[in-house]
Structure formats: structure tokens, C-alpha cells
Amino acid sequence: MNVTANASKAPITAASVTVHRARVLPPPSVRGGMPLMEAMSLRRSSRTFGTGPLSLQHISNILWAAAGINRPSGGDRTTPAWRHIAAISVYVATPDGLYRYSPEHRQLIHHLSADLRAMSGEQEFAGTAPLDLIYVAHGDMLMQLEEPERRLVASVDAAFMGQNVYLYCAANGLATVFRGAIDYPTLTAAMQLGPDEFVTFAQTIGHPRYVQDCPSSLESGKAG
Ligand SMILES: Cc1cc2nc3c(=O)[nH]c(=O)nc-3n(C[C@H](O)[C@H](O)[C@H](O)COP(=O)(O)O)c2cc1C
């Protein structure tokens, strides 16, 4: 899954996204790359990030890994979901605003112009890394379940997405960490979510913090 060589260098910018309200992502790179067992051996959480933007190709690949369509039916995805109900939307917090990933149209749909990265987590790095994914559950799609089970199922669905993103990052030299340290009421209000929608977890992604950002070498950070 070595997409880096083919990756589009174009980052998401205000001009490229906000003007169009919806940004069509390049097709995901689904051939080749690092063997799965090697990627698993490299998987880890990182909490220090470079500030450089991710290419649109990386963003497309990351979102496809989390929730992309991978079979001709059009409804089957890269990650499993309870009763085949796609109850999680992946929101993408960037310096230019907040977007919702549309797997069907392979688009980033503009949601808000505010930069909510810092608000997506209680750890400082969330606000400096180029990308934070926020896994939002649509509770109205899980109405067959009582409230605690709804949260459990949504968390499991989000966790599968997070693990695919971990493996993509491991295979492509990116840094990431799945996060639950979130001020949920504040983030939910800032995202202007509907009454049945709730945040499950978030995940920060960026380039590793190399020498040019951190003179004393690559930092790995500690568990949060
Ligand atoms: C449900 C869940 C919530 C987590 N929340 C956070 C968090 O808020 N902040 C953080 O830095 N790491 C968080 N982590 C990452 C764990 O701390 C990390 O996976 C663990 O320390 C093991 O390290 P490793 O991922 O490098 O193997 C979370 C992991 C999981 C599964």
C-alpha cells in the first residue's frame, strides 16, 4: 500500500475546499504497498506531529481505510458495522474547517468553516497536527438498541475504523493516535450536531515530527 510515491501533493486549502463546499477526493490507491504483517509490526500511537499538511491522496486513502466502499454493491465498506448499518460518519477537522466524508460520492462535504482541531481533544497536539478525524454516531440509526448498547455498538464501529487508519498510517510513515480524551459537550456543541448524533472517539493524524521540527530527533510521546 505504498501510496506515497503517487500521492497528490495538493493539500486541502481554503481555496480548494471552501469555495466548492464539496471537494471530490482522488480515487484511493488500493494496490501494492507494505505487507499487512509488516504494517502491524509498525503500528503504534504517536503524540508528536509535524505541522505540514497531508496530501489529498493521503486524505482520500485514510478516509477510504476508515469508511470507504470496497465492493460493487455500493453499500459495503472497508470496516464492519453492526447489522450492516453505517451509523458512523467520519468528520474531518482541518485548519480550513470541518468536513464530513461522503463515501458514496468520495467527497468531503463542507460542514463548518471553523478550525475545530484543538477542540477535538484535550491534548495539545490535536490543535497542531494537520488532521483530526472525529467519529460521529447517528443514534437514530441505532434505535433498536437501548442507550448504553447504542454507545457500545457505535464505539466498536468507530474502533474498527480507527484500527484501519492506524494500519494505513503505519504502512505509509504517518503518525496517529486514537483518542477518547475529549471534552464531549463542548465539541458536540461546536460541531453543531443534531440531537441524535454523538461523538464516539477522535483520531489525530499527521506526519511524524522529524528533525526539522524537533532538533533532538524523532519524538515518540507517551500514552495518554
Ligand atoms: C478507546 C481508546 C481511547 C484512547 N484514548 C486516548 C487518548 O485520549 N489520548 C491518547 O493519547 N491516547 C489514547 N489512546 C491510545 C492508547 O493510549 C494507546 O493505544 C496505548 O497506550 C497503547 O499504545 P500503542 O497504541 O502505541 O500500542 C486510546 C486508545 C483507545 C483504544
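Mentor: Two strands pair if DSSP finds at least two bridges between them. Keep in mind that this is a predicted model.

Trainee: How many bridges join strand S2 to strand S3?
Mentor: S2 covers residues 88–94 and S3 covers residues 97–102. The two strands run antiparallel. At least two bridges are needed for a pair. The number joining S2 to S3 is four.

Trainee: Which residue in S3 is the bridge partner of Tyr-91?
Mentor: Tyr-91 falls within S2, residues 88–94. Its bridge partner in S3 is Arg-100.

Trainee: What is the order of the strands in the open sheet?
Mentor: The protein chain has five helices and seven strands. The open sheet has seven strands, with antiparallel pairing. At its edges, S1 (22–24) and S6 (175–179) each pair on one side only. The order is S1-S4-S3-S2-S5-S7-S6.

Trainee: By how many degrees are neighbouring strands of this sheet turned against each other on average?
Mentor: This average ignores strand direction. Its value for neighbouring strands of the sheet is 25 degrees.

Trainee: Which residue in S7 is the bridge partner of Ile-134?
Mentor: Strand S5 spans 131–138 and strand S7 spans 197–206. They pair in the antiparallel sense over eight bridges. Opposite Ile-134, the partner in S7 is Ala-202.

Trainee: On the S6 side, which residue in S7 stands opposite Thr-176?
Mentor: S6 and S7 also pair in the antiparallel sense, over five bridges. Thr-176 faces, in S7, residue Ile-205.

Trainee: How many of the 10 residues of S7 are buried?
Mentor: A residue is buried if 20 or more other C-beta atoms lie within 10 Å of its own. Over the whole protein chain of 224 residues, the buried share is 40%. S7 is largely enclosed by the rest of the structure, because its count of buried residues is eight.

Trainee: At what angle does helix H5 run to S7?
Mentor: H5 comprises residues 184–191. This helix lies across S2, S3 and S7. Its angle to S7 is about 90 degrees.

Trainee: And helix H3, at what angle does it run to S2?
Mentor: H3 (residues 56–67) lies across S2, S3, S5 and S7. Its angle to S2 is about 155 degrees.

Trainee: How many residues of the contact of H3 with H4 are nonpolar, polar or charged?
Mentor: The axes of H3 and H4 (residues 147–171) come within 7 Å and cross at roughly 145 degrees. The crossing is right-handed. H3 brings Asn-61, Ile-62, Ala-65, Ala-66 and Ala-67, while H4 brings Met-161, Asn-164, Val-165 and Tyr-168. The split is seven nonpolar, two polar and no charged.

Trainee: What is the phi of Arg-106?
Mentor: Most residues other than glycine have a negative phi. Arg-106 lies in the loop between S3 and strand S4 (107–112). Its phi is positive, although Arg-106 is not a glycine. The value is near 50 degrees.

Trainee: Does Gln-192, with 11 C-beta neighbours inside 10 Å, count as buried or exposed?
Mentor: Gln-192 is found in the loop between H5 and S7, and has a positive phi of about 55 degrees. Arg-106, with 18 other C-beta atoms within 10 Å, is partly exposed. The cut-off for exposed is 12 or fewer. Gln-192 has 11, so this residue counts as exposed.

Key:
Residues numbered from 1 in each chain as written. Predicted model: local features only at pLDDT ≥ 70, side-chain atom pairs only at ≥ 80, totals over all residues. Axes fitted to C-alpha atoms, helices over the stretch in contact; angles between N-to-C directions. Contact = placed C-beta atoms within 7 Å. Left-handed = near helix turned anticlockwise from the far one by under 90°. Nonpolar A, V, L, I, M, F, W, Y, C, P; charged D, E, K, R; others polar.
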